[in-house]
Amino acid sequence: MDVKELDSVEWICYCGGMTARQRSQPSSPAHAVKGVAWATDLIRLEIVLWERVDARLRESHELPLAFFESLLFISRAPRGSMRVGDLARALRVTVGGTSKLVDRIERAGLIARKSDPDDRRASRVVLTTAGKRKLTAAIKTYEAEAGSLLGGVLRPEEQQQMSDYVSRLLTSIDQGEE
């Protein structure tokens, strides 16, 4: 990743330090263009991260990133299981798309459907033993690849700051959807 690609990251970090008053002032056309530019760069950064991590997970574990994310969310769920609708919300995709994804992960033997003890009409997905093993190995690969992309450019405290910004933004979006 070169310095030009980091302009968006620096912009996010800069904006995070602005006061509420500064952020609420009317934006000029030039400011709007910068806002579009950093958002576009952020999206491009996400695409690069997705492609690189996905390629590495496929190469090392025969595990697409979409499978990895699903396994990760399921493993972190309070009961170690989730309904498909809850997984869809966590992944930020449609229930129909998530249902198809769950079918594919289940065919791969990484998850299983279990009846929901709280609702006989519903089922929950849980990791199989193979799914737990694959996830455990893949986490290390994921961290190494993401670290190689970000760690060479951003100090640990800058990475934490970016993580905090992203979490705040996602939380704000989630609260706005309720």
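A residue counts as buried under 20% relative accessible area, as exposed over 50%, and as partly exposed in between. That scale is used throughout this report on a predicted model.

**Overall layout**

The protein has 178 residues, and 30% of them count as buried. Its secondary structure comprises eight helices and three strands. Along the sequence, these elements run α-α-α-α-β-α-α-β-β-α-α. Contacts with a separation of 6 or more were also counted: 53% of them join residues 24 or more positions apart. The accessible surface totals about 11500 Å². Carbon and sulfur atoms make up 54% of that surface.

**An aromatic pair**

How many aromatic pairs does the protein have? The count is one. The partners are F68 and Y142, and their rings are stacked. The centres lie 4.8 Å apart, with 10° between the planes. F68 belongs to helix α4, while Y142 belongs to helix α7 (residues 129-150). The pair therefore ties together parts that are 74 residues apart in sequence.

Are the two partners buried or partly exposed? F68 has 4% relative accessibility, so F68 is buried. Y142 has 29%, which lies between the cut-offs of 20% and 50%, so Y142 is partly exposed. L170, a residue of helix α8 (residues 156-177), is set beside them here.

| Residue | Relative accessible area | Class |
|---|---|---|
| F68 | 4% | buried |
| Y142 | 29% | partly exposed |
| L170 | 34% | partly exposed |

**The buried side of α5**

Helix α5 spans residues 84-91. Its buried residues are V84, G85, L87, A88 and L91. Why do they lie on the same side of α5? They cover an arc of only 160° around the axis, which puts them on that side. The spacing follows a general rule. An α-helix has 3.6 residues a turn, so residues three or four places apart point the same way.

What do the buried residues of α5 pack against? Their partners are two helices, α4 (65-76) and α6 (95-107), and two strands, β1 (81-82) and β2 (111-116). Helix α4 also holds F68 of the aromatic pair. After α5 comes R92, which has a positive phi near 65°.

**A nonpolar patch on the surface**

V166, L170 and I173 form a nonpolar patch on the surface. Together they have about 220 Å² of accessible area. L170 sits in helix α8. With a relative accessible area of 34%, L170 is over the 30% that a patch residue needs.

Methods: Residues are numbered from 1 along each chain as its sequence is written. This is a predicted model: local features need pLDDT of at least 70, side-chain atom pairs count only at pLDDT 80 or more; totals for chains, interfaces and linings use all residues. Side-chain values use heavy atoms; hydrogens and water are left out. Patches are made of residues with over 30% relative accessible area and no salt bridge: like charges are joined within 9 Å, nonpolar side chains (Val, Leu, Ile, Met, Phe, Trp, Tyr) within 5 Å. Accessible areas come from the Shrake-Rupley method with a 1.4 Å probe; for residues, only the protein chains shown count as cover. A salt bridge is a side-chain nitrogen of Lys or Arg within 4 Å of a carboxyl oxygen of Asp or Glu. Helices (H or I, at least four residues) and strands (E, at least two) are DSSP runs, numbered from the N terminus. Buried means under 20% relative accessible area, exposed over 50%, partly exposed in between (1.4 Å probe, protein chains only). The arc is that of the directions from the helix axis to the C-beta atoms. Contact means heavy atoms within 4.5 Å. Rings of Phe, Tyr and Trp (its six-membered ring) pair if their centres lie within 6.5 Å; planes under 30 degrees apart count as stacked, over 60 as edge-to-face and the rest as tilted.
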